[in-house]
Amino acid sequence: QAQALEARLFIERIFDREPDARIIVCGDFNAEPFETPTRILCGAPEDGADDSFLNRRLERLDMRAPVERRFSVIHDGRKALLDHVLASPSLARACVSVEIFNTGLIDEAHAPQGFSGSLHAPVAARFN
């Protein structure tokens, strides 16, 4: 949560200098969309921001992926979305597609001994 707040404060400084900045924040947050770190980074209006904050929020572009593919990790059979692509309003408007490459994803709780590689699926956004 502290790292998310630090990143959000940095995002705020960018918006202070350039209100229509094209900002993207992406990676493994180890937090699902509804959890505090993701909500801090997004600056969700439902978390108390007033209408003047709407142009400073970050949109969860990963939520544009088809519902049935909206997971980046499997842990003991439970699918979770821990990897995210967040974008400022000006950049979100340019997003044309989002894909999560989770076909064949290995359950991290049952990964073979000595498995090398990532147990997280890549999340990709395409922009005009």
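**Exercise 1.** Which side chain meets Arg56 in a salt bridge?

*Solution.* The model is predicted. Start from Arg56. Its side chain meets that of Glu12 in a salt bridge, at 2.8 Å from N to O. Next, place the two partners. Glu12 lies in helix α1, while Arg56 sits in the loop between α2 (36-42) and β2 (59-60). They are 44 residues apart, and the pair links distant parts of the chain. Last, check burial. Glu12 and Arg56 are both buried.

**Exercise 2.** Find how far apart Glu12 and Arg8 are, in space and along helix α1.

*Solution.* Take the space first. Glu12 forms a salt bridge with Arg8, and the closest N and O atoms are 2.5 Å apart. Now take the helix. Both residues belong to α1 (residues 2-17) and are four residues apart, so about one helical turn separates them. Then compare accessibility with the cut-off: buried means under 20% relative accessible area. Glu12, at 18%, is buried. Arg8, at 6%, is buried as well.

**Exercise 3.** Classify the partners of the Glu59–Arg64 salt bridge as buried, partly exposed or exposed.

*Solution.* Confirm the contact. The side chains of Glu59 and Arg64 meet at 2.9 Å, N to O. Glu59 has 25% relative accessibility, so it counts as partly exposed. Arg64 has 37% and also counts as partly exposed.

**Exercise 4.** State how many salt bridges the structure holds, and name the residues joined into one network by shared partners.

*Solution.* The count is six salt bridges. Among them is the Glu59–Arg64 pair. Salt bridges with shared partners join Arg8, Glu12, Asp16 and Arg56 into one network.

Methods
Residues are numbered from 1 along each chain as its sequence is written. This is a predicted model: local features need pLDDT of at least 70, side-chain atom pairs count only at pLDDT 80 or more; totals for chains, interfaces and linings use all residues. Side-chain values use heavy atoms; hydrogens and water are left out. A salt bridge is a side-chain nitrogen of Lys or Arg within 4 Å of a carboxyl oxygen of Asp or Glu. Helices (H or I, at least four residues) and strands (E, at least two) are DSSP runs, numbered from the N terminus. Buried means under 20% relative accessible area, exposed over 50%, partly exposed in between (1.4 Å probe, protein chains only).
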